[in-house]
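User: Could you take a close look at one strand for me and walk me through how it sits among its neighbours? Keep it casual, but stick to what the model shows.

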Amino acid sequence: MTTMEPSSRFRALSRTLQKKKLAQEEARRLAERLMSTLESITDAFFILNHEWRFTYLNQQAERLLQRDRNDLVGKFIWEEFPEAINGIFYREYHRAMSEKCTVGFEEYFDPLETWFEVNAYPSEEGLAVYFRDITERKAAQRIMHESEERFRNIARATADAVWDWDMKTDVMWWNDGIHTLFGYSPKEIESDISSWTSRIHPDEKDQILAEVHHAIDSGAGSWTGEYRFRRKDGSYAYVWDRSFIIRDEYGKAVRMLGGKNDITESKLQQARLTQQAELLDKAHDAIIIRDMDNHVSFWNKGAERLYGWTAEEVAGRHLEEFLYEDTKGFRTAMEELQKNGEWRGELEPIHKNGKRLIIEAHWTLIQDDAGYPESILAINTDITQRKAAEHEIQYLAFYDQLTQLPNRQLMLDRLQRAINATSRNGQHGALLFIDLDNFKILNDTLGHDIGDLLLQQVAQRLTTCIRESDSLSRLGGDEFVVMLENLGGDSLEAASQAETIGEKILAALNESYSLSDYEHQCTPSIGITLFSNQEHNMDELQKRADLAMYQAKGEGRNTIRFFDPDMQAAITNRITLEADLRSGLKQNDFLVYYQPQIVKDGKLLGAEALLRWQHPSRGLVSPTEFIPLAEDTGLILPLSEFVLMTACNQLVAWAQHPETAELNLSVNISARQFHHRDFVDQVLGTLAKSGANPENLTLELTESLLVEDMESVISKMTTLKSRGISFSLDDFGTGYSSLSYLKRLPLDILKIDQSFIRDLLTDPSDEAIVRTVISLGQSLELAVIAEGVETGETREALINIGCHVYQGYLFSHPLPIEEFNKFIRKMQTETITNKV
């Protein structure tokens with residue numbers, strides 16, 4: 001072992017000191033940037049520690065509190081401002097600190113004769129408090145409240161003159177209101193549409209007619225307009241006209257019913273009120289008045305300062321034209337305003353120069369004397385800088401600076417909320433711990449800069465692997481966490497979804513990385529644990545995911561392991577079964593078996609076609625094992641098409657022989673198959689391709705299928721029934737079971753579920769249910785088939801209570817076609833023997 005030369009040790013020490021100096025310089029610059037941000041915001045800001053002592057105040061706080069911050073730092077707030085102890089300040093600050101929650105409120109502080117708007121945020125240090133002087137805004141609100149009654153008289157909306165325009169005859173009818181308001185008798189102007197249009201002011205006539213015709217041609221249901229209308233004495237009145245457009249069954253407009261009222265006085269009064277509203281220009285906030293269609297009628301100086309538009313530029317314009325690019329939030333606010341009469345919230349309008357703003361808005365509906373809304377008063381405050389400062393502080397606290405991903409603290413917060421949500425919605429979630437294999441070797445050999453590049457690329461790839469609703473975070477070092485939510489109520493299905501995303505992550509992270517001048521291969525080890533119903537706390541879940549991840553490392557790395565070994569085995573079995581299903585479809589491993597349906601006199605009515613899987617190594621696989629998986633994966637569609645085509649081909653084969661030509665075949669239809677948009681065309685196409693007689697085909701539906709979109713179900717059934725196909729309702733009584741749908745559906749047969757037949761002879765409840773179903777079928781003129789008939793005693797009991805068609809092991813198990821044809825010949829032989 002060689003000893004390092006002094007010069008080499010000096011250079012190594014120098015590099016270490018240089019890195020440490022750079023790190024310290026970066027920390028200093030970060031602190032200076034944060035302090036600069038806090039000093040530049042327009043809001044006042046201070047920090048209290050857990051002992052209620054000031055640790056920092058910005059310049060704005062000095063100004064609003066009228067105290068030097070050097071005198072306040074380190075001082076106990078309640079000694080410096082004892083007047084606040086019995087007020088909202090004291091109560092809300094303590095609530096924020098004790099409950100660790102954000103609080104916001106408004107309070108008048110008497111010693112300073114000032115209204116404050118306050119927002120306080122708990123932190124590890126104590127409490128961060130933003131506040132601002134809203135005294136002027138409060139004064140403006142008081143002025144607006146005192147002026148509210150004057151604003152109620154603007155633009156009265158009562159429709160006193162009623163008119164009816166019959167477009168077919170082009171005749172207009174007017175009520176007596178036309179005389180009261182405008183001096184005409186109804187008979188004077190009861191003629192064609194020109195009786196109205198000729199009295200519209202010439203400057204406005206073309207525009208009003210264009211608006212009316214546009215409403216008619218566009219399919220609108222109504223039209224409103226404001227214009228000048230000539231009275232009988234020759235003077236003009238301002239009118240507000242509202243109408244409804246009545247259309248025929250083809251959407252063609254045939255009539256318009258409307259009413260107009262004289263708003264001349266309101267117009268004059270509005271002008272007077274606008275003059276009075278100049279008082280509001282003194283307010284710092286943006287104060288805007290607009291009509292119910294959001295056209296600006298008042299725009300104070302504060303609005304000019306906030307948005308950059310002058311009052312002259314926006315007068316009469318629609319707010320959405322120039323303030324909002326994304327109007328969704330604006331329209332949602334309008335809906336709340338119209339429903340509640342008031343709305344408070346935040347919006348993001350656009351300044352005239354294109355800059356995006358954040359405002360805090362308070363909107364109020366102004367009503368006229370009759371209680372109808374006539375305009376909207378908006379008081380908007382610019383909070384853009386405050387939001388930027390809050391975002392900067394939050395980002396530094398909750399996000400990893402290298403990858404821009406949420407850090408451990410934010411991940412834990414989201415995990416706790418996800419755990420709480422599972423107890424309410426019954427859904428499963430999953431936690432995936434991801435650790436990069438041999439990352440330390442890369443760091444030690446190529447340096448931390450190269451390691452950082454790898455971590456950044458891993459973060460980018462992980463982002464593309466997860467759903468929008470999932471959460472991704474970096475815990476530190478080379479450890480990442482993915483949290484999945486809303487994976488369903490079934491634990492096996494949830495585990496399968498988590499496995500799918502885990503495999504996607506494995507594939508993405510196995511791709512090679514370009515790190516500066518290096519090509520690098522990196523693999524992950526992934527541990528997964530599920531959670532639901534608050535079974536485990538956060539620490540336990542993290543330990544489980546961590547243990548599963550180490551299990552993945554211990555088994556060779558670059559793999560996935562679940563914490564629960566049994567669940568890992570179940571997922572493996574499910575994946576294997578799905579792969580076998582897909583292979584079985586390609587290899588034609590599926591068969592159709594037939595179970596006979598017998599009439600009470602012993603004759604063969606037909607059979608039910610049943611799907612069977614002849615697995616190459618396992619033999620016949622139970623349908624209860626593979627049908628649910630086929631439903632989940634969508635493989636039920638090709639399987640169902642196979643059964644239907646096989647059944648139709650069999651009907652064609654039977655049709656060649658007189659003794660089997662009348663046999664009926666029933667085919668089960670899955671909900672997924674039935675609700676497919678091409679279902680009807682597929683069935684009719686299969687019948688056409690095979691040449692089968694549709695009158696010998698019965699489609700069996702389950703009750704659960706009927707819950708979704710009843711009208712569509714009835715429409716599809718009616719179309720197929722018109723082609724001769726029959727319908728049977730399978731397992732009746734075990735599902736939806738509603739007479740309201742039963743009487744509407746074009747059914748032919750009810751099948752009593754075998755769960756009621758099995759204990760028919762021993763359970764009075766089952767006997768009562770069976771009697772009811774048979775009676776119901778008879779009253780609705782439906783045939784009734786009993787499933788699961790296994791003994792002669794059961795058959796005799798069914799005969800006695802009126803059921804005459806049976807299916808079950810008493811007659812035969814489901815048989816392959818060769819055996820079923822032998823069964824047919826045997827029955828025919830027995831029938832001939834009995835006759836002889």
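Analyst: S21 and strand S22 (residues 560-562) pair in the parallel sense, with three bridges between them. Within that pairing, Gly-527 has Arg-561 of S22 as its bridge partner. Keep in mind that this is a predicted model.

S21 also pairs with strand S16 (residues 429-436), and here the two run antiparallel, joined by eight bridges. For a spot to look at, find Leu-530 in S21, which stands opposite Ala-430.

Now for burial. S21 covers residues 524-531, and eight of its eight residues are buried, so the strand is largely enclosed by the rest of the structure. Go through it face by face: one side carries Pro-524, Ile-526, Ile-528 and Leu-530, all buried. The other side has Ser-525, Gly-527, Thr-529 and Phe-531, and these are buried too. Gly-527, then, is a buried residue that also bridges to Arg-561 in S22, while Leu-530 is buried and sits opposite Ala-430.

As a side note, there's also an open sheet of five strands, ordered S2-S1-S5-S4-S3 with antiparallel pairing. Its edge strands are S2 (54-57) and S3 (103-109), each pairing on one side only. From one strand to the next, the twist averages 25 degrees. Helix H5 (residues 88-99) packs on that sheet, touching S1, S3, S4 (114-122) and S5, with its direction at about 160 degrees to that of S3. Inside the sheet, S1 (residues 44-49) and S5 (residues 126-133) run antiparallel with six bridges, and Ile-47 stands opposite Ala-128 in S5.

Notes:
Residues are numbered from 1 along each chain as its sequence is written. This is a predicted model: local features need pLDDT of at least 70, side-chain atom pairs count only at pLDDT 80 or more; totals for chains, interfaces and linings use all residues. Side-chain values use heavy atoms; hydrogens and water are left out. Buried means under 20% relative accessible area, exposed over 50%, partly exposed in between (1.4 Å probe, protein chains only). Helices (H or I, at least four residues) and strands (E, at least two) are DSSP runs, numbered from the N terminus. Two strands pair if DSSP finds at least two bridges between them. Axes are lines fitted to C-alpha atoms, for helices over the stretch in contact, and angles run from 0 to 180 degrees between N-to-C directions. Contact means heavy atoms within 4.5 Å.
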